[in-house]
Amino acid sequence: MRTIAALRYAFAGWKLILRNKREGLEQFQLSGAGLFTAIVLFYAVVFLVVMLASMQMGVPTPESFIEIFFIQTIWLAALLIGVWSTRFAVSGPIWRPDIYVPGVYALIFYLFVGTVVIMISPALMPILWLGLAYMLYALGRVGAGFQRGVSAAFAILTVVLLVGVPQTLYMLAASTLSAV
């Protein structure tokens, strides 16, 4: 039940964050335990999405399953790198649960909605990327207190990392396999 409550609070928090209200952060458990809960929920959603996709594409092999979880871990790393890079550029504390915790819930939203969008029409993914960029922009403004330009840079950098790194790894793996 705590996981469902955490998702409900995260949804309520994100509605407020998107309205540029700092009170939205109060809906999240902004601590190490809250971050742990968010990450566990993230991997639970990854598992559910893989099971949902397996109904359409077949059950993945154990190696593919591990690769899928690795790719999703890169998403968490992309959020972390986006925050660290931005904080390095504007100087400030690196440990920011007010960015990380809601950010992981944004990735949960992106993962779930992205799976549905891909099943309906992959051509709609750029719209989802724009939506995620706006969410991260709002998070930068509300959660970190970034100025508009810094928040926009944080959002763009993080979305580029989220989208670009897995695509790059996929292309590298495909080119390596074709060379063999």
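Mentor: Let's start with a term: a nonpolar core is a set of buried Ala, Val, Leu, Ile, Met, Phe, Trp, Tyr and Cys residues joined through side-chain atoms within 4.5 Å. Keep in mind that we're looking at a predicted model.

Trainee: Okay, which residues of the largest nonpolar core touch the most other members?

Mentor: Those are Trp14, Ile17, Phe42, Tyr105 and Leu136, out of 48 residues in that core. Helices H1, H2, H3, H4, H5 and H6 each supply at least two residues of it. The largest share comes from H4, with 11 residues.

Trainee: What does Ile17 touch, if you skip residues up to four places away in sequence?

Mentor: Ile17 touches Gly24, Leu25, Phe28, Pro102, Ala138, Leu139 and Val142. Two of that core's best-connected members, Ile17 and Trp14, fall in the stretch of H1, which runs from 2 to 18.

Trainee: What makes the pattern of this chain what it is, read along the sequence?

Mentor: Count the elements: there are 6 helices and 0 strands. The pattern reads α-α-α-α-α-α.

Trainee: Why is Asp98 called buried or exposed?

Mentor: Set the value against the cut-off: buried means under 20% relative accessible area. Asp98 has 11% relative accessibility, so it counts as buried. Asp98 lies in helix H4, and beyond its close sequence neighbours it is in contact with Arg22, Leu25, Leu30, Leu139 and Gly143.

Trainee: And Phe112, why does that one get its label?

Mentor: Phe112 is in H4 too. Exposed needs over 50% and buried needs under 20%, with partly exposed in between. Phe112 comes out at 47%, so it is partly exposed. Here's a fun detail: its C-alpha is 6.9 Å from that of Val49, although the two are 63 residues apart along the chain.

Trainee: How do you know what H2 should span, and how does its reach compare with that?

Mentor: The expected span is 1.5 Å times one less than the number of residues. H2 has 26 residues, which gives an expected 38 Å, and its reach from first C-alpha to last is 36 Å, close to that. H5 passes the check as well: with 19 residues it reaches 26 Å, close to the expected 27 Å.

Trainee: Which residues of H2 are buried, and what covers them?

Mentor: Among them are Leu35, Ala38, Leu41, Phe42, Val45, Val46, Val49 and Val50. Their cover includes H1, H3 and H4. An α-helix has 3.6 residues a turn, so residues three or four places apart point the same way. Keep that in mind as you look down the list.

Trainee: What comes after H2, and what comes just after H5?

Mentor: H2 is followed by Gly58, with a positive phi near 100°. Just after H5, Gly145 takes a positive phi of about 70°.

Trainee: What makes up the lining of the second largest pocket, by class?

Mentor: The lining has 13 nonpolar, no polar and 1 charged residues. The space inside is about 360 Å³. Of its 14 lining residues, the closest to the centre are Leu7, Phe11, Tyr105, Ile108 and Phe109. Tyr, Phe, Leu and Ile count as nonpolar, so those five belong to that class. H1 and H4 each supply at least two residues of the lining.

Trainee: How much of the chain is buried?

Mentor: Of the 180 residues, 39% count as buried. And among contacts between residues at least 6 apart in sequence, 68% join residues at least 24 apart.

Note on methods:
Residues numbered from 1 in each chain as written. Predicted model: local features only at pLDDT ≥ 70, side-chain atom pairs only at ≥ 80, totals over all residues. Heavy atoms only, no water. 1 Å grid on protein atoms, 1.4 Å probe; cavity = no way out; pocket = protein on both sides within 12 Å on 5 of 7 lines; lining within 4 Å. Points joined across faces, edges and corners; volume = space filled by probe spheres on them. Helix = DSSP H or I, 4+ residues; strand = E, 2+ residues; numbered from the N terminus. Buried < 20%, exposed > 50% of the residue type's maximum accessible area, 1.4 Å probe, protein only. Contact = heavy atoms within 4.5 Å.
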